[in-house]
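This report describes selected features of one protein model. Please keep the sequence and the structure in view while reading.

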Amino acid sequence: MNIPFLDLKAAYLELKPEIDAAISRVLDSGWYILGDEVQAFEAEFASYCEANHCVGVANGLDALHLAFRALDVGPGDEVIVPSNTYIATWLAVSQCGATVVPVEPDERTYNINPGLIEAAITSRTKAIMPVHLYGQPADLEPILAIARKHGLRVVEDGAQAHGARYKNKRIGSHGDVVAWSFYPGKNLGALGDGGAITTNDAGIADRVRVLRNYGSRVKYVNEVPGYNSRLDPMQAAVLRVKLKVLDEWNDRRKAIADDYISSFRNPQSSSNVEFILPFVPDYADPVWHLFVVRHPRREDMQNQLSAADINTMIHYPIPPHLQQAYSGLQYNAGSFPIAEHMADEVISLPMGPHLNAEQAGVVIEALLGFKRL
Ligand SMILES: *Cc1c(COP(=O)(O)O)cnc(C)c1O
């Protein structure tokens, strides 16, 4: 039995009649940029996220980038970012001409360690950027308290956390602005690129709305040098269909995560020694975008699973500070040892709303077998 890492086609097929109808509706409307479909999705997603405003943009990186533009973050400014994240988090800051100031993660949660943030603040610091990595909320309360104390903005990267809750409130408006990606593999994924910001700040929403559309509110009247970064109405229509099943699909992910965790924790399996399982703090209701375990012999594990036709991935093999793209910052191996250590040991197991219990069982058996080698 081949076990895919994530089955995107199955996601389409489950919703095929609704998705096909939504796309036809856009085709028949004769309106192909912004418009009612985008507006309707924005209202529905804002409400889902418990936020006052949502603005759809072209992708997740643009959502992050335009959030910083709306906050006037630019050259000379510093933004505190996690050392352990997908490179888009950093690129958004760099694209504004601002400087990334990496802070190491908590080894248990993989998210930015709030206890290390204050030491990284300087007179140039403008914002703190927590990432809710793997679908688990970062510890927002202490981060927001530090931001208030130092007069900083908080821009959250929610690209992996659609539906997650921090202290019973959905990710979407804890910080000044939250950036979302609807890349197909995300928990709420389009059939192409898409992104959005959510915020409770009407001013920020307004600025992003203008920036995404050539800096224009009225056609051919340009207030600021903006961008072309609009959410496609076809994708908005698809996202409206998928938003309706997001909670149900997140619940399916949770059932698999529960199954993985209880199987690997079973004392009789003796497997709890070498695996490091995900840790869920009391404040978090994660949505299991990824199910990441750690093992010192990660390559061996991946090879053995692959021989059993089980597909896994590494999120992420090279931390941003060691990427050639950031060689200009002059970091090297040892600059951020915790992020580097995570990169060497993490492995993401198959996870998604279309992984059935039988398939999860095959993954579990294979992993318990790996331990016995
Ligand atoms: C996917 C992702 C992004 C970027 O999203 P795109 O839509 O691919 O531009 C940003 N941050 C994180 C943490 C992501 O996982």
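## A small set of paired strands

In this predicted model, Arg 165 stands opposite Asp 285 of strand S12. Arg 165 belongs to strand S6, which covers residues 165–166 and is joined to S12 by 2 bridges, the two strands running antiparallel. The sheet to which they belong is open and has 3 strands, in the order S7-S6-S12, with antiparallel pairing. Strand S7 (169–170) and strand S12 (284–285) are at the edges; each has a single partner strand, so one side of each has no neighbour in the sheet.

## Other strand pairings

Parallel pairing is found elsewhere in the chain. Strand S2 (residues 78–82) and strand S4 (residues 125–128) run parallel and are joined by 3 bridges. Within this pair, Glu 78 has Thr 125 of S4 as its bridge partner. S4 also runs parallel to strand S5 (residues 153–157), with 2 bridges between them; here Ile 128 is partnered by Val 154 in S5.

Strand S1 pairs in the antiparallel sense with strand S9 (residues 195–199), through 5 bridges. One of the residues involved is Gly 56, whose bridge partner in S9 is Ala 196. Is S1 mostly buried or exposed? Of its 5 residues, 4 are buried, so the strand is largely enclosed by the rest of the structure.

## The ligand and its surroundings

Which residues surround the ligand? They are Asn 59, Gly 60, Leu 61, Tyr 86, Ala 88, Val 131, Asp 157, Ala 159, Gln 160, Ser 181, Tyr 183 and Lys 186.

The backbone takes part in the contacts: a polar backbone atom of Gly 60 is 2.7 Å from an oxygen atom of the ligand, and a backbone N or O atom of Leu 61 lies 2.8 Å from a ligand oxygen atom. A side chain contributes as well, since a polar side-chain atom of Ser 181 is 2.6 Å from an oxygen atom of the ligand. Taken alone, the ligand exposes 380 Å², and the protein buries 91% of that area.

## Salt bridges between distant parts of the chain

Side chains of opposite charge can pair when their charged atoms come close. In this model the count of salt bridges comes to 21. In one of them, Glu 42 is paired with Arg 209, with the closest N and O atoms 3.2 Å apart. The partners are 167 residues apart in the chain, Glu 42 being in helix H3 and Arg 209 in helix H7. Glu 42 has a relative accessibility of 4% and therefore counts as buried, whereas Arg 209, at 31%, is partly exposed.

Another salt bridge joins the side chains of Asp 77 and Lys 126, at 3.5 Å from N to O. Asp 77 lies in the loop between H4 and S2, and Lys 126 lies in strand S4, 49 residues away along the chain. Asp 77 is buried, with a relative accessible area of 13%, while Lys 126 is partly exposed, with 29%. A further example is the pair Asp 247 and Arg 170, at 3.2 Å from N to O. This salt bridge links helix H9 (residues 246–265), which holds Asp 247, to strand S7, which holds Arg 170; the two residues are 77 residues apart. Asp 247 is partly exposed, at 34% relative accessibility, and Arg 170 is buried, at 7%. In addition, salt bridges that share partners join Arg 25, Glu 37, Glu 44 and Arg 240 into one network.

## Backbone exceptions in loops

Most residues other than glycine have a negative phi, and most peptide bonds are trans. Glu 50 has a positive phi, near 55°. This residue lies in the loop between H3 and strand S1 (53–57) and is partly exposed, with a relative accessible area of 36%. Tyr 214 also has a positive phi, near 65°; its place is in the loop between helix H7 (202–211) and strand S10 (216–218).

The peptide bond from His 315 to Tyr 316 is cis, with omega near 10°. Tyr 316 is in the loop between helix H10 (298–307) and helix H11 (337–345).

## A nonpolar surface patch

Which residues form a nonpolar patch on the surface? Leu 27, Tyr 32 and Ile 33 do so, with about 300 Å² of accessible area together. Tyr 32 lies in the loop between helix H2 (16–29) and helix H3 (36–48), and its relative accessible area of 44% makes Tyr 32 partly exposed.

Definitions and conventions
Residues numbered from 1 in each chain as written. Predicted model: local features only at pLDDT ≥ 70, side-chain atom pairs only at ≥ 80, totals over all residues. Heavy atoms only, no water. Patch = residues over 30% accessible without salt bridge, like charges linked within 9 Å, V, L, I, M, F, W, Y side chains within 5 Å. Areas by Shrake-Rupley, 256 points an atom, 1.4 Å probe, with all protein chains shown as cover. Salt bridge = Lys/Arg side-chain N within 4 Å of Asp/Glu carboxyl O. Buried < 20%, exposed > 50% of the residue type's maximum accessible area, 1.4 Å probe, protein only. Near = heavy atom within 4 Å. Polar contact = N/O pair within 3.5 Å; in protein donor to acceptor, adjacent residues only side chain to side chain. Pairing = 2+ DSSP bridges.
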